[in-house]
Amino acid sequence: MDSKGMSAAVAALVAGLLGIGSAQAQQVQASGNMAVTSDYVWRGSSQTGGDPAVQAGAKLALPSGLYASVWGSNVSFTPDIGARSEFDLVAGWSGAVAQDWTLDANLTRYLYPGTGRALDWTELGATLSWKQRAWLQLAHSSDALAGGHRGTYAQLGGRLPLNERFRLEAAVGHYWLADAQGPDYLHGQLSAIATLAPAWELRATVHDTDNAARRLFPGNAGGRWELALQGSF
(Lines give C-alpha, C1' and ligand atoms only; values in the text may rest on other atoms or scores of the structure.)
Protein backbone atom coordinates (compact mmCIF):
# COMPACT_ATOMS: atom_id res chain seq x y z
CA MET A 1 0.00 0.00 0.00
CA ASP A 2 1.43 3.42 -0.97
CA SER A 3 1.44 6.49 1.31
CA LYS A 4 -1.82 7.86 -0.15
CA GLY A 5 -3.52 4.53 0.39
CA MET A 6 -2.21 4.33 3.94
CA SER A 7 -3.50 7.84 4.70
CA ALA A 8 -6.92 6.95 3.32
CA ALA A 9 -7.00 3.76 5.40
CA VAL A 10 -6.06 5.63 8.58
CA ALA A 11 -8.69 8.30 7.90
CA ALA A 12 -11.35 5.66 7.31
CA LEU A 13 -10.40 3.87 10.52
CA VAL A 14 -10.58 7.07 12.55
CA ALA A 15 -13.92 7.92 10.97
CA GLY A 16 -15.32 4.53 11.89
CA LEU A 17 -14.04 4.65 15.47
CA LEU A 18 -15.23 8.21 16.12
CA GLY A 19 -18.40 8.07 14.06
CA ILE A 20 -17.59 10.96 11.76
CA GLY A 21 -18.00 11.47 8.04
CA SER A 22 -15.27 10.68 5.54
CA ALA A 23 -14.85 14.35 4.56
CA GLN A 24 -13.98 15.31 8.14
CA ALA A 25 -11.76 12.25 8.49
CA GLN A 26 -9.64 13.59 5.64
CA GLN A 27 -8.79 16.52 7.92
CA VAL A 28 -7.21 14.28 10.56
CA GLN A 29 -3.84 15.66 11.61
CA ALA A 30 -1.08 13.19 12.43
CA SER A 31 1.94 14.03 14.55
CA GLY A 32 4.59 12.20 16.49
CA ASN A 33 7.48 12.55 18.90
CA MET A 34 10.58 10.70 19.98
CA ALA A 35 13.20 11.08 22.70
CA VAL A 36 16.36 9.57 24.07
CA THR A 37 16.83 10.30 27.77
CA SER A 38 19.38 9.45 30.41
CA ASP A 39 16.59 8.54 32.87
CA TYR A 40 12.82 8.14 32.57
CA VAL A 41 11.49 10.14 35.55
CA TRP A 42 7.72 10.20 36.14
CA ARG A 43 6.25 12.29 38.94
CA GLY A 44 9.60 12.41 40.68
CA SER A 45 10.43 8.70 40.51
CA SER A 46 12.71 6.90 38.03
CA GLN A 47 10.92 4.30 35.93
CA THR A 48 14.18 2.81 34.63
CA GLY A 49 16.24 2.51 37.80
CA GLY A 50 18.36 5.45 36.68
CA ASP A 51 19.14 3.89 33.30
CA PRO A 52 18.55 5.48 29.85
CA ALA A 53 15.27 5.19 27.94
CA VAL A 54 14.18 5.41 24.31
CA GLN A 55 10.67 6.80 23.85
CA ALA A 56 8.29 7.48 20.97
CA GLY A 57 4.68 8.49 20.44
CA ALA A 58 2.08 9.17 17.75
CA LYS A 59 -1.12 11.22 17.76
CA LEU A 60 -4.18 11.65 15.54
CA ALA A 61 -6.30 14.78 16.03
CA LEU A 62 -9.56 16.02 14.53
CA PRO A 63 -10.47 19.67 13.82
CA SER A 64 -13.03 19.44 16.65
CA GLY A 65 -10.23 18.91 19.19
CA LEU A 66 -10.80 15.19 19.74
CA TYR A 67 -7.61 13.15 19.62
CA ALA A 68 -6.10 9.76 20.29
CA SER A 69 -2.47 8.96 20.96
CA VAL A 70 -0.08 6.20 21.92
CA TRP A 71 3.29 6.62 23.65
CA GLY A 72 5.86 4.04 24.68
CA SER A 73 9.08 3.68 26.65
CA ASN A 74 11.31 0.99 28.06
CA VAL A 75 11.06 0.60 31.85
CA SER A 76 12.88 -1.29 34.60
CA PHE A 77 11.40 -1.10 38.08
CA THR A 78 13.09 -1.78 41.40
CA PRO A 79 12.28 -4.28 42.79
CA ASP A 80 11.95 -6.15 39.48
CA ILE A 81 8.28 -6.88 38.69
CA GLY A 82 8.90 -8.16 35.18
CA ALA A 83 7.93 -5.00 33.28
CA ARG A 84 10.23 -4.07 30.39
CA SER A 85 8.00 -1.68 28.44
CA GLU A 86 5.23 0.84 29.06
CA PHE A 87 2.57 1.96 26.59
CA ASP A 88 0.19 4.84 27.32
CA LEU A 89 -3.06 4.90 25.32
CA VAL A 90 -4.80 8.28 25.48
CA ALA A 91 -8.16 9.55 24.24
CA GLY A 92 -9.13 13.15 24.86
CA TRP A 93 -10.11 16.63 23.75
CA SER A 94 -8.04 19.80 23.66
CA GLY A 95 -8.89 23.32 22.62
CA ALA A 96 -9.43 26.91 23.66
CA VAL A 97 -11.94 27.56 26.46
CA ALA A 98 -11.40 31.34 26.77
CA GLN A 99 -9.03 34.01 25.52
CA ASP A 100 -5.46 32.89 26.37
CA TRP A 101 -6.75 29.71 28.07
CA THR A 102 -6.69 26.15 26.72
CA LEU A 103 -7.87 22.86 28.19
CA ASP A 104 -6.72 19.29 27.57
CA ALA A 105 -9.00 16.65 29.11
CA ASN A 106 -8.14 12.99 28.59
CA LEU A 107 -8.37 9.39 29.73
CA THR A 108 -5.07 7.49 29.92
CA ARG A 109 -4.60 3.73 30.08
CA TYR A 110 -1.14 2.67 31.31
CA LEU A 111 -0.13 -0.73 29.93
CA TYR A 112 2.82 -2.96 30.89
CA PRO A 113 2.63 -5.94 28.50
CA GLY A 114 4.17 -9.33 29.07
CA THR A 115 4.43 -9.16 32.85
CA GLY A 116 1.76 -11.70 33.75
CA ARG A 117 0.76 -9.38 36.60
CA ALA A 118 -2.07 -6.87 37.10
CA LEU A 119 0.01 -3.73 36.51
CA ASP A 120 -2.26 -1.91 34.03
CA TRP A 121 -4.34 1.00 35.31
CA THR A 122 -6.44 3.96 34.11
CA GLU A 123 -6.41 7.66 35.00
CA LEU A 124 -8.70 10.60 34.17
CA GLY A 125 -6.91 13.93 33.85
CA ALA A 126 -7.11 17.53 32.69
CA THR A 127 -4.57 20.31 32.14
CA LEU A 128 -5.52 23.99 32.04
CA SER A 129 -2.92 26.24 30.39
CA TRP A 130 -2.51 30.02 30.16
CA LYS A 131 -0.67 31.49 27.13
CA GLN A 132 1.70 28.49 27.09
CA ARG A 133 3.33 30.16 30.09
CA ALA A 134 1.67 28.37 33.01
CA TRP A 135 -0.37 25.22 33.58
CA LEU A 136 -2.34 23.35 36.21
CA GLN A 137 -2.75 19.59 35.86
CA LEU A 138 -5.19 17.45 37.84
CA ALA A 139 -5.54 13.67 37.53
CA HIS A 140 -7.46 11.01 39.45
CA SER A 141 -7.67 7.24 39.47
CA SER A 142 -9.58 4.75 41.60
CA ASP A 143 -6.71 2.30 40.99
CA ALA A 144 -3.66 4.55 41.22
CA LEU A 145 -0.40 2.83 40.26
CA ALA A 146 -2.43 -0.39 39.91
CA GLY A 147 -2.51 -0.57 43.70
CA GLY A 148 -6.26 -0.98 44.09
CA HIS A 149 -6.69 2.36 45.88
CA ARG A 150 -7.55 5.89 44.79
CA GLY A 151 -4.97 8.52 44.00
CA THR A 152 -5.17 12.19 43.02
CA TYR A 153 -2.29 14.09 41.45
CA ALA A 154 -1.86 17.84 40.98
CA GLN A 155 0.93 19.74 39.25
CA LEU A 156 1.51 23.49 38.90
CA GLY A 157 4.09 24.61 36.36
CA GLY A 158 5.48 27.61 34.55
CA ARG A 159 7.54 28.38 31.46
CA LEU A 160 9.93 31.34 31.05
CA PRO A 161 11.34 32.07 27.56
CA LEU A 162 14.81 33.60 27.76
CA ASN A 163 15.18 34.21 24.02
CA GLU A 164 14.23 32.48 20.77
CA ARG A 165 16.35 29.41 21.54
CA PHE A 166 16.38 29.01 25.31
CA ARG A 167 13.72 28.72 28.00
CA LEU A 168 13.29 27.56 31.58
CA GLU A 169 10.47 25.40 32.92
CA ALA A 170 9.63 24.59 36.53
CA ALA A 171 6.91 22.46 38.11
CA VAL A 172 5.88 21.17 41.51
CA GLY A 173 3.58 18.19 41.97
CA HIS A 174 1.75 16.54 44.84
CA TYR A 175 0.40 12.98 44.83
CA TRP A 176 -2.37 12.16 47.29
CA LEU A 177 -2.52 8.40 47.80
CA ALA A 178 -4.83 6.33 50.02
CA ASP A 179 -3.03 5.21 53.18
CA ALA A 180 -3.19 1.58 52.09
CA GLN A 181 -1.39 2.52 48.85
CA GLY A 182 1.38 4.64 50.30
CA PRO A 183 2.13 8.05 51.80
CA ASP A 184 1.27 11.29 50.04
CA TYR A 185 4.39 12.86 48.55
CA LEU A 186 5.73 16.02 46.95
CA HIS A 187 8.18 16.46 44.07
CA GLY A 188 9.63 19.29 42.01
CA GLN A 189 11.64 19.77 38.84
CA LEU A 190 13.53 22.53 37.03
CA SER A 191 14.46 22.30 33.34
CA ALA A 192 16.65 24.27 30.96
CA ILE A 193 15.67 23.69 27.31
CA ALA A 194 17.63 24.61 24.19
CA THR A 195 16.09 24.52 20.70
CA LEU A 196 18.63 22.88 18.39
CA ALA A 197 16.46 22.92 15.26
CA PRO A 198 12.76 23.59 14.57
CA ALA A 199 11.86 20.02 15.54
CA TRP A 200 14.61 19.18 18.06
CA GLU A 201 15.27 20.21 21.65
CA LEU A 202 17.85 19.38 24.31
CA ARG A 203 16.45 19.33 27.83
CA ALA A 204 18.39 19.21 31.12
CA THR A 205 16.26 18.63 34.21
CA VAL A 206 16.99 18.37 37.91
CA HIS A 207 14.41 16.45 39.98
CA ASP A 208 13.88 16.20 43.72
CA THR A 209 11.28 14.70 46.06
CA ASP A 210 10.41 14.75 49.74
CA ASN A 211 11.27 11.95 52.18
CA ALA A 212 7.83 10.36 51.76
CA ALA A 213 8.63 9.65 48.10
CA ARG A 214 12.02 8.23 49.07
CA ARG A 215 10.32 5.80 51.43
CA LEU A 216 7.67 4.86 48.86
CA PHE A 217 10.14 4.44 45.97
CA PRO A 218 13.47 3.53 47.63
CA GLY A 219 16.39 4.13 45.32
CA ASN A 220 14.21 5.66 42.59
CA ALA A 221 13.07 8.94 44.22
CA GLY A 222 15.09 11.83 45.59
CA GLY A 223 17.48 14.15 43.79
CA ARG A 224 18.57 13.19 40.26
CA TRP A 225 19.54 14.67 36.90
CA GLU A 226 17.99 13.89 33.53
CA LEU A 227 19.32 14.82 30.09
CA ALA A 228 17.07 14.28 27.07
CA LEU A 229 17.17 14.87 23.32
CA GLN A 230 13.63 15.10 21.98
CA GLY A 231 12.11 15.69 18.59
CA SER A 232 8.68 16.16 17.06
CA PHE A 233 7.33 15.51 13.58
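Select first the largest nonpolar core of this predicted model. Of its 20 residues, the ones that touch the most other members are Y40, W42, A83, Y112, W121, Y175 and Y185. Next, colour β11 and α3 (211-216), each of which supplies at least two residues of this core. A general tendency is worth recalling at this stop: in soluble globular proteins, nonpolar side chains tend to be buried together.

**Y40 and its surroundings**

Keep Y40 displayed and show its contacts beyond the neighbours within four places in sequence. These are S45, S46, Q47, T48, D51, A53, Q55, W71, S73, N74, V75 and E86.

**The whole chain**

Now zoom out and switch to a cartoon view. The protein chain has three helices and 14 strands. Of its 233 residues, 36% count as buried. Among the contacts with a separation of 6 or more, 43% are accounted for by residues 24 or more positions apart.

**S85 in strand β6**

Select S85, which lies in strand β6. Beyond its neighbours within four places in sequence, S85 is in contact with S73, N74, V75, L111, Y112 and P113. One of these partners, Y112, was among the core residues of the opening stop. A distance from S85 to L111, taken between C-alpha atoms, should read 8.3 Å, with the two positions 26 residues apart in sequence terms.

**Strand β11: E169**

Move to strand β11, which covers residues 166-177, and select E169 within that strand. Is E169 buried or exposed? With a relative accessible area of 9%, E169 is buried, because burial here means a value under 20%.

Which side chain does E169 meet through a polar contact? The partner is the side chain of R159, at 2.8 Å. The C-alpha atoms of E169 and R159 are separated by 4.4 Å, although the residues are ten apart along the chain. To complete the view, add the other contacts of E169 outside its neighbours within four places in sequence: besides R159, they are W135, G158, Q189, L190, S191, I193 and R203.

**Strand β11: R167**

Stay in strand β11 and select R167. At 17% relative accessibility, R167 also falls under the 20% limit and therefore counts as buried. Leaving aside residues within four places in sequence, R167 is in contact with R159, L160, P161, L162, S191, A192, I193, T195, E201 and R203. Several of these names recur from the previous stop: R159, S191, I193 and R203 are also in contact with E169.

Draw a C-alpha to C-alpha distance from R167 to A192: the two are 6.1 Å apart in space and 25 residues apart in sequence. Then show side chains for R167 and E201, which are joined by a polar contact of 2.8 Å.

**Strand β13: E201**

Follow that contact to E201, which is placed in strand β13 (residues 200-209). E201 has a relative accessible area of 18%, so E201 too is buried under the 20% limit. Apart from residues up to four places away in sequence, E201 touches R167, I193, A194, T195, L196, A228, L229 and Q230. Of these, I193 and T195 are also contacts of R167.

**Two loops with positive phi**

The next two stops concern backbone geometry. Most residues other than glycine have a negative phi.

Select D100 in the loop between β6 (85-98) and β7 (101-111). What is the phi of D100? The value is near 75°, which is positive in a residue other than glycine. D100 is partly exposed, with a relative accessible area of 36%.

Then select Q132, found in the loop between β8 (121-130) and β9 (134-141). Q132 has a positive phi of about 55° and is not a glycine. Its relative accessibility is 64%, so Q132 counts as exposed, the limit for that class being over 50%.

**The second largest pocket**

Finish with the second largest pocket, which holds about 650 Å³ of space. The pocket is lined by 25 residues, and those closest to its centre are F77, I81, L119, L145 and F217. Which classes of residue make up the lining of this pocket? Sixteen are nonpolar, seven are polar and two are charged. Colouring the lining by class will display this division on the structure.

Key
Residues numbered from 1 in each chain as written. Predicted model: local features only at pLDDT ≥ 70, side-chain atom pairs only at ≥ 80, totals over all residues. Heavy atoms only, no water. 1 Å grid on protein atoms, 1.4 Å probe; cavity = no way out; pocket = protein on both sides within 12 Å on 5 of 7 lines; lining within 4 Å. Points joined across faces, edges and corners; volume = space filled by probe spheres on them. Nonpolar A, V, L, I, M, F, W, Y, C, P; charged D, E, K, R; others polar. Helix = DSSP H or I, 4+ residues; strand = E, 2+ residues; numbered from the N terminus. Buried < 20%, exposed > 50% of the residue type's maximum accessible area, 1.4 Å probe, protein only. Contact = heavy atoms within 4.5 Å. Polar contact = N/O pair within 3.5 Å; in protein donor to acceptor, adjacent residues only side chain to side chain. Core = buried A, V, L, I, M, F, W, Y, C linked by side-chain atoms within 4.5 Å.
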